[in-house]
Amino acid sequence: MVRRLRKTKKNQRYNYSCNRKRLGQKARINGKIKNEEIRAAYNRRKQPEKNIRDMGLAYDVNRAIPIPNVKRQIKEMELELSGQKVSSDKASSSKVHPKQYVAARLEEDANEFAGTRFRMARSMVRFITAMIDRHGFNYQAMARDRQNYEQETWRQFRSKVRKFLRIPEQCTPYLEEKGWIDCDMNDPNDPRWKEFCTDDES
């Protein structure tokens with residue numbers, strides 16, 4: 001036992017290369033709030049739970065949206081049938097929060113359409129543009145092309161071409177190069193946009 005204690009004391013050496021003050025400061029920091037609305041409304045003097053509740057947000061999701069308890073529901077139904085009052089949490093949920101505007105702003109930001117973030121690979125864009133240059137919008141001719149090494153069907157080509165034309169960041173330079181930037185894609189009389197060999201061909 002004595003030998004063991006000696007070994008532990010021997011290993012307990014002070015680490016001079018470590019800044020204890022900085023470590024303590026790091027441990028006391030709870031982390032940076034990334035959201036601007038929450039950061040602006042956050043009060044450092046209050047507890048995190050109180051802060052979040054004042055903003056009209058849920059601090060604990062399990063308490064805000066609890067799992068339904070069947071036994072409790074049966075008891076409440078029995079009390080209602082017997083004519084007794086049932087204590088509910090609806091009064092607390094309908095309480096007006098002082099910083100409710102934060103929750104409203106977050107809801108508005110969530111409902112805003114941020115636009116599509118889908119981007120096609122450069123190699124795929126090069127392949128599709130080369131196929132359009134060769135065959136126009138004739139998808140069956142694309143499927144029969146010798147460079148169709150992946151043996152894609154005409155329906156796969158149609159979906160890829162339509163996806164490519166829905167991404168303005170990638171299709172605009174190609175349309176400018178072809179001189180089609182001012183043309184209307186939805187114009188049925190324009191032969192440049194006519195799709196051949198498709199289900200919805202008119």
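The structure, which is a predicted model, holds zero disulfides. Two cysteines may be described by their accessibility. Cysteine 18 counts as partly exposed, at 24% relative accessibility. Cysteine 171, by contrast, counts as buried, at 4% relative accessibility. Because buried means under 20% relative accessible area, the value of 4% places cysteine 171 in the buried class, and the value of 24% leaves cysteine 18 outside it.

The following table sets these two residues beside an aspartate that is discussed below.

| Residue | Relative accessibility | Class |
|---|---|---|
| Cysteine 18 | 24% | partly exposed |
| Cysteine 171 | 4% | buried |
| Aspartate 54 | 7% | buried |

The overall architecture is helical. The protein chain contains 12 helices and zero strands, and from the N terminus on its elements run α-α-α-α-α-α-α-α-α-α-α-α. The chain has 202 residues, of which 20% count as buried. Its accessible surface comes to about 17500 Å², and carbon and sulfur atoms contribute 49% of that area. Among contacts with a separation of 6 or more, 51% join residues that lie 24 or more positions apart.

Aspartate 54 belongs to helix α4, which comprises residues 48–54. Its relative accessible area is 7%, and aspartate 54 is therefore buried. Leaving aside residues up to four places away in sequence, aspartate 54 touches Lys46, His97, Pro98, Lys99 and Gln100.

Helix α9 can be described in further detail. This helix spans residues 122–135 and has 14 residues. From its first C-alpha to its last, α9 reaches 20 Å, close to the 20 Å expected at 1.5 Å a residue. Within α9, the residues Val125, Ile128, Thr129, Met131 and Ile132 are buried. They lie on the same side of α9, because they cover an arc of only 160 degrees around the axis. An α-helix has 3.6 residues a turn, so residues three or four places apart point the same way. On the other side of α9, Arg122 and Arg126 are exposed.

What covers the buried residues of α9? The cover includes three helices: α10 (139–143), α11 (154–165) and α12 (168–178). Just after α9, glycine 136 adopts a positive phi of about 70 degrees.

In summary, the predicted model shows a chain of 12 helices without strands and without disulfides. Helix α9 has a buried set of residues on one side and exposed arginines, Arg122 and Arg126, on the other.

Notes. Residues numbered from 1 in each chain as written. Predicted model: local features only at pLDDT ≥ 70, side-chain atom pairs only at ≥ 80, totals over all residues. Heavy atoms only, no water. Helix = DSSP H or I, 4+ residues; strand = E, 2+ residues; numbered from the N terminus. Buried < 20%, exposed > 50% of the residue type's maximum accessible area, 1.4 Å probe, protein only. Contact = heavy atoms within 4.5 Å. Areas by Shrake-Rupley, 256 points an atom, 1.4 Å probe, with all protein chains shown as cover. Expected span 1.5 Å × (residues − 1). Arc of directions from axis to C-beta. Disulfide = S-S within 2.5 Å.
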